[in-house]
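Colleague: Before I use this model, I would like the reasoning behind some of the labels attached to it. Please set each value against its cut-off.

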Amino acid sequence: MAVIFERTNGLTEKPFHYCPGCTHGVIHRLVGEVLEELGVLGETIGVAPVGCSVLAYDYFNCDMHEAAHGRAPAVATGIKRVFPDKVVFTYQGDGDLASIGTAEIIHVAHRAEKITTIFVNNAIYGMTGGQMAPTTLIGQKATTAPYGRDAGATGRPLKVSEMLATIDGAVFVERVAVNTPANIRKAKKAIKKAFEVQLSGEGFGIVEILSTCPTNWGLTPTESLKWLEENMMPYYPLGNFRTPEEVK
Ligand SMILES: Cc1ncc(C[n+]2csc(CCOP(=O)(O)OP(=O)(O)O)c2C)c(N)n1
Ligand code: SF4
């Protein structure tokens with residue numbers, strides 16, 4: 001019988017610990033598939049974040065390193081500079097990357113470090129119980145914003161891709177989502193392109209992926225996919241913000 005679907009060798013056989021309906025698992029799979037298809041699994045070093053994906057080192061079938069909350073880009077910089085021939089990526093949530101790690105991500109782009117960042121934006125702090133993140137939408141409830149985020153008190157949600165696209169060293173910047181099969185396919189293409197940009201030595205690449213957190217959003221998995229489309233996508237438009245051609 002013809003095989004039409006197989007587990008990627010880019011992931012280990014360890015079962016994910018993620019909540020039902022959480023799209024961290026889908027994103028892991030896409031990254032694993034891309035690394036396998038590019039034939040670089042044996043050459044890759046990933047940097048896991050602090051957040052729900054803190055155990056990513058158990059799931060990716062490549063060498064992995066742990067970093068303190070927000071510091072993955074700094075750790076990845078060190079790894080890439082010591083091992084310039086390795087493929088180095090960070091995997092970070094929005095609390096990790098857009099809050100405590102804001103300086104690290106800006107400067108890794110500014111220095112045009114030849115690494116790839118997988119940025120999982122679920123508009124909340126998942127692991128610690130649903131506190132407001134810089135990416136939380138206006139009116140969205142969080143444990144630290146029980147009446148909904150108020151722009152007057154906390155500003156407007158940070159658009160990381162748009163911000164990084166203003167930095168010359170960020171040569172590939174794209175925002176995707178994993179709420180439908182079509183968008184999942186587009187997300188995989190963007191992830192592949194970001195790694196190819198690293199392989200060709202062109203500079204820093206980031207893929208922002210709109211992701212779900214049913215547990216802290218207080219929604220079912222299906223409702224979460226709808227909520228992402230109806231609430232996150234209008235504020236965080238999908239698309240490519242920077243390609244290598246534009247910066248040459
Ligand atoms: C230096 C430091 N500050 C704060 C924390 C607490 N902390 C752990 S995970 C986390 C937020 C995680 O949210 P996010 O990065 O969005 O990832 P998610 O869990 O949603 O995937 C925080 C604040 C920590 N572990 N270390
Ligand atoms: S708390 Fe949210 S981000 Fe964390 S595993 Fe559960 S659904 Fe995913």
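Modeller: Helix α1 is a place to start. The model is predicted. The 14 residues of α1, residues 24-37, should span 20 Å at 1.5 Å a residue, and the end C-alpha atoms are 20 Å apart, which agrees.

Colleague: How do you get the expected span from 1.5 Å a residue?

Modeller: The 1.5 Å is multiplied by one less than the number of residues in the helix. For α1 that gives the 20 Å expected, and the end C-alpha atoms are 20 Å apart, so the two agree.

Colleague: What makes α1 largely enclosed by the rest of the structure?

Modeller: Eleven of the 14 residues of α1 are buried, so the helix is largely enclosed. Among the buried residues are H24, G25, I27 and H28, and also V31 and L35. The buried residues of α1 pack against the strands β1 (44-48), β3 (87-93), β4 (116-121) and β6 (204-210), and against the helices α2 (56-59) and α8 (181-199). After α1 comes G39, with a positive phi near 70°.

Colleague: Which residues are closest to ligand 1?

Modeller: The closest are H24, C52, G95, D96 and G126, and 16 residues surround ligand 1 in total. H24 is also one of the buried residues of α1.

Colleague: What makes the approach of D94 to ligand 1 a polar contact?

Modeller: The cut-off is a pair of N or O atoms within 3.5 Å. An N or O atom in the side chain of D94 is 3.1 Å from an oxygen atom of ligand 1, so the pair qualifies. G95 has a polar backbone atom 2.7 Å from an oxygen atom of the ligand. For D96, a backbone N or O atom lies 2.7 Å from a ligand oxygen. Of the 590 Å² of accessible area that ligand 1 has on its own, the protein covers 74%.

Colleague: D94 interests me. Which side chain does it join in a polar contact of 2.5 Å?

Modeller: That of T135. T135 sits in the loop between β4 and α6 (151-154).

Colleague: Why is T135 called buried?

Modeller: Buried requires under 20% relative accessible area. T135 is at 0%, so it counts as buried. Setting aside residues up to four places away in sequence, T135 touches residues including D94, A98, N121, A123 and Y236.

Colleague: What is unusual about A123, given that it is not a glycine?

Modeller: Its phi is positive, about 60°. Most residues other than glycine have a negative phi. A123 is in the loop between β4 and α6, and at 0% relative accessibility it counts as buried. A112 is not a glycine either, and has a positive phi of about 55°. A112 is found in the loop between α5 (102-110) and β4.

Colleague: Why is A112 called partly exposed?

Modeller: Partly exposed runs between the 20% limit for buried and the 50% limit for exposed. A112 has a relative accessible area of 23%, so it is partly exposed.

Colleague: And how do you know that D85 is exposed?

Modeller: Exposed means over 50%. D85 is at 74% relative accessibility, so it counts as exposed. D85 lies in the loop between α3 (72-82) and β3. Its C-alpha atom is separated by 39 Å from that of P214, 129 residues apart along the chain.

Colleague: What makes R242 buried?

Modeller: Its relative accessibility is 9%, under the 20% limit, so R242 counts as buried. R242 lies in strand β7 (residues 239-242). A polar atom of the R242 side chain lies 2.8 Å from the backbone oxygen of I167. The side chains of R242 and D168 are joined by a polar contact of 3.5 Å.

Colleague: Is V173 buried or exposed?

Modeller: Buried, because its relative accessible area is 0%. V173 is in strand β5 (residues 170-177). Leaving out residues up to four places away in sequence, V173 touches S161, A165, I206, G239, N240, F241 and R242.

Colleague: Finally, the cysteines. How many disulfides are there?

Modeller: Zero, by the rule that the sulfur atoms of two cysteines must be within 2.5 Å. C22 counts as buried because it is at 17% relative accessibility, and C213 because it is at 8%.

Terms used:
Residues numbered from 1 in each chain as written. Chains lettered and ligands numbered in written order. Predicted model: local features only at pLDDT ≥ 70, side-chain atom pairs only at ≥ 80, totals over all residues. Heavy atoms only, no water. Helix = DSSP H or I, 4+ residues; strand = E, 2+ residues; numbered from the N terminus. Buried < 20%, exposed > 50% of the residue type's maximum accessible area, 1.4 Å probe, protein only. Contact = heavy atoms within 4.5 Å. Near = heavy atom within 4 Å. Polar contact = N/O pair within 3.5 Å; in protein donor to acceptor, adjacent residues only side chain to side chain. Areas by Shrake-Rupley, 256 points an atom, 1.4 Å probe, with all protein chains shown as cover.
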